[in-house]
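Here are my notes on the structure you asked me to look over, set out as numbered points. Please read them with the coordinates open beside you.

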Amino acid sequence: MSVKYTESVYIVLMGIEAQTDVHYSMPVKTMIYDAMNYGEQVNEAKKQHQKNKDYKSSDEFLSGFTLEDRLTPVITITLYLGTKNWDGPRSLVEMMPHMDERFRPFINDYRINLLNPLEITDFSKFKTGLRPLFEVLKNASDEGKLNDLITKDETFTRVDVETVAAINLFAGTDIKYDEKEEVVNMCKAWDDHKKLGIQEGMKQGIQQGMKQGMQQGRCLEVYSLVQDGILDPEVGASRVSMSLDDFADAMQKAGYKLPEMV
């Protein structure tokens, strides 16, 4: 991305470095990216001067860069899309141990431009799909706040599908939507998502209950057969996957007795 030239501002090259996880050497990583870009600008200037043969001095020839040449500013923004707090360093100096303060003026620091949704307090400044994405990320760890946000904020009544896909990816949600549509009513989609979750929970509960009921019925049947002497206790314990001692205790708790105790 670039900012065009005006009467008072030169073109500025802007780069976005997206991070879904905290990067503990981000200042160095960013510094390398920016330095490489500046290096490319110097090399490009050198190529042009060599082609035009317009160096005015041996100093310019040696530098490959003239006194009038200027670099285009490079701004790299680290866009953090994680859901936990950024606890990594934000400057080069923060990656270094504590040192004698007398050395500090001689160390060139390098700070990162961190855009962290979890630290934003005013989302009204964002007019694109970044706003709902950032707001969801900030509230992703609190189910109650996330529910209130999506169901009560009108911003979520019309969200483009790309943003919904990004929300699912980075916030870990599973909001269903029609990919053929341009915008999604996330309020309704979220409500449907919750209802589906409740239905799935009930279904799983019923299935689990039926499974437990069948297992219990199976145990009672085996207890009865052992009590009547039709099955040996060892065989009965094996059929319900228990040790003999656990099987005997379970039989007694269920009101049955081993044959020798009849």
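**Notes on the predicted model**

1. A good place to begin is V136, which, once residues up to four places away in sequence are set aside, touches L146, L149, F156, I167 and A171. These contacts belong to a model that is predicted, and the remarks that follow should be read with that in mind.

2. V136 is also listed, together with L133, F134, F156 and M186, among the residues with the most contacts inside the largest nonpolar core, which has 25 residues. At least two residues of this core come from each of helix 3 (130–139), helix 4 (143–152), helix 5 (161–171) and helix 6 (186–227), and it is helix 5 that gives the most, with five residues. Another core, made up of 13 residues, lies apart from this one and includes C219, V222, A237 and L258.

3. For the chain as a whole, the count is eight helices and six strands, and their order along the sequence is β-β-α-α-β-β-α-α-β-α-β-α-α-α. Of the contacts with a separation of 6 or more, 54% are between residues 24 or more positions apart. Buried residues account for 31% of the 262 residues, while the exposed area of the chain is about 17800 Å², with carbon and sulfur atoms supplying 53% of it.

4. Strand 3 (residues 74–80) deserves a separate look: six of its seven residues are buried, so the strand is largely enclosed by the rest of the structure. It runs parallel to strand 4 (residues 113–115), and three bridges join the two; within this pairing, I77 of strand 3 stands opposite N113 in strand 4.

5. Which residues of helix 8 (residues 244–253) are buried? They include F247, A248, A250 and M251, and because the buried residues of helix 8 fall within an arc of 165 degrees when seen down its axis, they line one face of the helix. As general background, an α-helix has 3.6 residues a turn, so residues three or four places apart point the same way. On the face of helix 8 turned away from the buried side are the exposed residues D245 and K253.

6. A last point concerns the backbone just after helix 8, where G255 takes a positive phi of about 90 degrees.

Methods: Residues numbered from 1 in each chain as written. Predicted model: local features only at pLDDT ≥ 70, side-chain atom pairs only at ≥ 80, totals over all residues. Heavy atoms only, no water. Helix = DSSP H or I, 4+ residues; strand = E, 2+ residues; numbered from the N terminus. Buried < 20%, exposed > 50% of the residue type's maximum accessible area, 1.4 Å probe, protein only. Contact = heavy atoms within 4.5 Å. Areas by Shrake-Rupley, 256 points an atom, 1.4 Å probe, with all protein chains shown as cover. Core = buried A, V, L, I, M, F, W, Y, C linked by side-chain atoms within 4.5 Å. Pairing = 2+ DSSP bridges. Arc of directions from axis to C-beta.
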